[in-house]
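This report covers side-chain contacts and surface features. Please look at the sequence and the structure below before reading on.

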Amino acid sequence: MNGENHILLQELCLVFNLFICFGIPLGGLGILRKKGYPIGKAFCLGMAAFTISQICLRIPLLQLVLPQMTWYQDLSTNPWMYGLFLGFTAGIFEEGARVIFLKIGIKKQLDYSDALSFGLGHGGIEAMLLVGISCIATMFALPNDTALAASLSYNALLLGGIERIFALSFHIGATLLVAYGMRNKKNVWHTIIAILLHTLLDAAIIILPQVFGVGTFGLESYLAILSTLVLILGICLWHKK
């Protein structure tokens with residue numbers, strides 16, 4: 001395969017990722033609006049919850065503050081403890097933000113469309129910021145950077161977008177779980193469950209490869225299964241009789 005065709009296929013992979021990162025959340029928002037749900041506010045609240053809890057608080061803490069501390073340096077050498085720490089802090093920050101932003105931002109009684117839209121906003125902005133922007137930058141760089149083009153496999157390019165499908169499913173499911181608890185005055189237990197599920201999801205990214213030698217396919221399968229189960233759990237809670 002010549003260089004031009006190679007780059008073209010890479011760009012098609014990146015376009016696929018961009019469709020997932022931008023098209024799915026915004027398309028989902030459009031479908032909900034078409035059904036007549038006033039869900040723009042909940043979508044924006046979800047975006048704000050992720051941006052503040054992760055981009056403004058947790059990620060700078062993990063990258064700039066904690067690495068200066070000896071206990072954290074020691075912790076990072078133990079994959080069990082490090083994975084559980086990263087997973088648990090992700091759960092605390094993100095699930096806590098769900099509760100705070102839903103409680104403060106949605107004054108009326110929470111309904112199913114609010115939770116769906118909030119989850120789309122939360123998972124959508126994560127996909128846009130963590131994967132979508134880098135995909136755009138890579139698309140512009142590929143034609144003029146032969147070293148970059150040679151180093152990127154199609155599987156590696158697609159992996160980021162595929163993972164966003166799992167992450168988006170999880171965020172919608174977790175939001176449904178937390179919002180259902182808030183609506184039915186059981187938010188403490190539902191939030192605790194969401195934090196534990198979040199811990200199981202994120203901790204596995206460190207623990208499965210480093211402790212058990214699980215490869216990419218096995219790890220992605222785990223993430224897909226857990227995310228799907230959380231989404232199903234959230235949907236079933238709202239539709240149970």
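The side chains of R164 and E126 meet in a salt bridge, with 3.0 Å from N to O. This pair links distant parts of the chain, since R164 is in helix α7 and E126 in helix α5 (residues 112-141), 38 residues apart. A salt bridge here is a side-chain nitrogen of Lys or Arg within 4 Å of a carboxyl oxygen of Asp or Glu. Helices (H or I, at least four residues) are DSSP runs, numbered from the N terminus.

The model is predicted: local features need pLDDT of at least 70, side-chain atom pairs count only at pLDDT 80 or more, and totals for chains, interfaces and linings use all residues. Residues are numbered from 1 along each chain as its sequence is written, and side-chain values use heavy atoms, with hydrogens and water left out.

**Salt bridges**

Side chains of opposite charge can pair when their charged atoms come close. The structure holds 4 salt bridges. R164 is buried, with a relative accessible area of 13%, and E126 is buried at 8%. Buried means under 20% relative accessible area, exposed over 50%, and partly exposed in between (1.4 Å probe, protein chains only).

K108, D111 and D114 are joined into one network by salt bridges that share partners. The table lists three of the salt bridges by their N to O distance.

| Salt bridge | N to O distance |
|---|---|
| R164 and E126 | 3.0 Å |
| K108 and D111 | 3.3 Å |
| K108 and D114 | 2.6 Å |

Within the network, K108 is partly exposed at 43% relative accessibility. D111 is partly exposed too, with a relative accessible area of 27%, whereas D114 is buried at 2%.

**Aromatic pairs**

Rings of Phe, Tyr and Trp (its six-membered ring) pair if their centres lie within 6.5 Å; planes under 30 degrees apart count as stacked, over 60 as edge-to-face and the rest as tilted. By this rule the count comes to 7 aromatic pairs. One of them is W80 with F212, an edge-to-face pair at 5.9 Å centre to centre and 80 degrees between the planes. W80 lies in helix α4 (residues 79-105) and F212 in helix α8 (residues 187-212), so the pair ties together parts that are 132 residues apart in sequence. W80 is partly exposed, with a relative accessible area of 43%, and F212 is exposed at 52%.

Y180 and W238 form another edge-to-face pair, 5.7 Å centre to centre with 75 degrees between the planes. Y180 is in helix α7 (residues 154-183) and W238 in helix α9 (residues 216-239), so parts 58 residues apart in sequence are tied together. Both Y180 and W238 are buried. In addition, W71, Y72, Y82 and F85 form one aromatic cluster.

**Nonpolar surface patch**

W71 also belongs to a nonpolar patch on the surface, together with L61, L64, V65 and M69. The accessible area of the patch is about 460 Å², found by the Shrake-Rupley method with a 1.4 Å probe, where only the protein chains shown count as cover for residues. Such patches are made of residues with over 30% relative accessible area and no salt bridge; like charges are joined within 9 Å, and nonpolar side chains (Val, Leu, Ile, Met, Phe, Trp, Tyr) within 5 Å. Helix α2 (residues 40-65) gives the largest share, 3 residues.

**Cysteines**

How many disulfides does a search of the whole structure find? It finds 0, a disulfide being a pair of cysteine sulfur atoms within 2.5 Å. The sulfur of C13 is 9.9 Å from the closest cysteine sulfur, in C135, which is too far for a bond.

Key:
Helix = DSSP H or I, 4+ residues; strand = E, 2+ residues; numbered from the N terminus.
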